Amino acid sequence: MTVWNASRLPRAISRANDCGDGKRMSMTMLKEHLERSCPREKVECAECGQKVARGEMERHLGEDCLEVRVRCRHCEQHDTRGAFRRGQ
């Protein structure tokens with residue numbers, strides 16, 4: 001099964017029209033699905049710039065992204081998650 005990336009769509013015209021979850025759709029619908037809602041499509045994190053699957057973005061921002069500003073639970077100071085992990 002092939003997982004499509006929106007940037008590869010022109011080359012995909014003669015192949016099966018699905019994003020990897022088995023749902024077949026027209027090329028127009030596939031393009032829209034990939035650009036707007038596909039949970040597997042990688043999108044750029046607005047905080048750190050890392051490419052993350054759209055369906056994983058909430059977890060990435062809540063747990064992994066080092067550029068998200070968070071509050072220290074001990075002293076109420078705000079800084080990036082990365083700074084706290086480095087102990088700064």
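**Local contacts, helix faces and salt bridges in the predicted model**

Serine 37 touches Glu32 and Arg54 when residues up to four places away in sequence are not counted. The model in which these contacts occur is a predicted one. Serine 37 has its place in the loop between H1 and E1, and with a relative accessible area of 44% this serine is partly exposed. The C-alpha atoms of serine 37 and glycine 55 are separated by 8.8 Å, although the two residues stand 18 residues apart along the chain.

Proline 39 is likewise found in the loop between H1 and strand E1, the latter comprising residues 42–44. Its relative accessibility of 46% places proline 39 in the partly exposed class. Once neighbours within four places in sequence are left aside, proline 39 is in contact with Ala53, Arg54 and Gly55. For the pair formed by proline 39 and arginine 54, a sequence separation of 15 residues is accompanied by a C-alpha to C-alpha distance of 4.7 Å. Arginine 54 thus appears among the contacts of proline 39 and also among those of serine 37.

The chain as a whole provides the setting for these local features. The protein chain contains three helices and four strands, and from the N terminus on its elements run in the order α-β-β-α-β-β-α. Of the 88 residues in the protein chain, 28% are buried. About 6,400 Å² of the protein chain is exposed, and carbon and sulfur atoms supply 47% of that area. Among contacts between residues at least 6 apart in sequence, 9% join residues that are at least 24 apart.

Helix H1, which spans residues 27–36, has Leu30, His33 and Leu34 as its buried residues. Seen down the axis of H1, these buried residues fall within an arc of 95°, and they therefore line one face of the helix. The face of H1 turned away from the buried side carries the exposed residues Thr28, Met29 and Arg36. For arginine 36, the relative accessibility is 61%, so that this residue counts as exposed, the cut-off for that class being over 50%.

Side chains of opposite charge can pair when their charged atoms come close. In the present model the count comes to five salt bridges. One of these is formed by lysine 31 with glutamate 35, the closest N and O atoms being 2.7 Å apart. Because lysine 31 and glutamate 35 are four residues apart in helix H1, they are separated by about one helical turn. Lysine 31 is partly exposed, with a relative accessible area of 39%, and glutamate 35 is also partly exposed, at 43%.

A further salt bridge in H1 brings together the side chains of glutamate 32 and arginine 36, with an N to O distance of 3.7 Å. Glutamate 32 and arginine 36 both lie in this helix and are four residues apart, about one turn of the helix. Whereas arginine 36 is exposed, glutamate 32 is partly exposed, with a relative accessible area of 43%. Glutamate 32 is in addition one of the residues touched by serine 37.

Glutamate 76 has its place outside the helices, in the loop between strand E3 (69–71) and strand E4 (78–80). Phi of glutamate 76 is near 70°, a positive value in a residue other than glycine. Glutamate 76 forms a salt bridge with arginine 71, in which the closest N and O atoms are 2.5 Å apart. In this pair glutamate 76 is partly exposed, with a relative accessible area of 45%, and arginine 71, at 49% relative accessibility, counts as partly exposed as well. Elsewhere, salt bridges that share partners join Glu56, Arg59 and Asp64 into one network.

Histidine 60 lies in helix H2, which covers residues 57–64. With a relative accessibility of 4%, histidine 60 counts as buried, since that class is defined by values under 20%. Leaving aside neighbours within four places in sequence, histidine 60 is in contact with Cys45, Cys48, Gln50, Val52, Cys65 and Arg81.

Note on methods: Residues are numbered from 1 along each chain as its sequence is written. This is a predicted model: local features need pLDDT of at least 70, side-chain atom pairs count only at pLDDT 80 or more; totals for chains, interfaces and linings use all residues. Side-chain values use heavy atoms; hydrogens and water are left out. Helices (H or I, at least four residues) and strands (E, at least two) are DSSP runs, numbered from the N terminus. A salt bridge is a side-chain nitrogen of Lys or Arg within 4 Å of a carboxyl oxygen of Asp or Glu. Buried means under 20% relative accessible area, exposed over 50%, partly exposed in between (1.4 Å probe, protein chains only). The arc is that of the directions from the helix axis to the C-beta atoms. Contact means heavy atoms within 4.5 Å. Accessible areas come from the Shrake-Rupley method with a 1.4 Å probe; for residues, only the protein chains shown count as cover.
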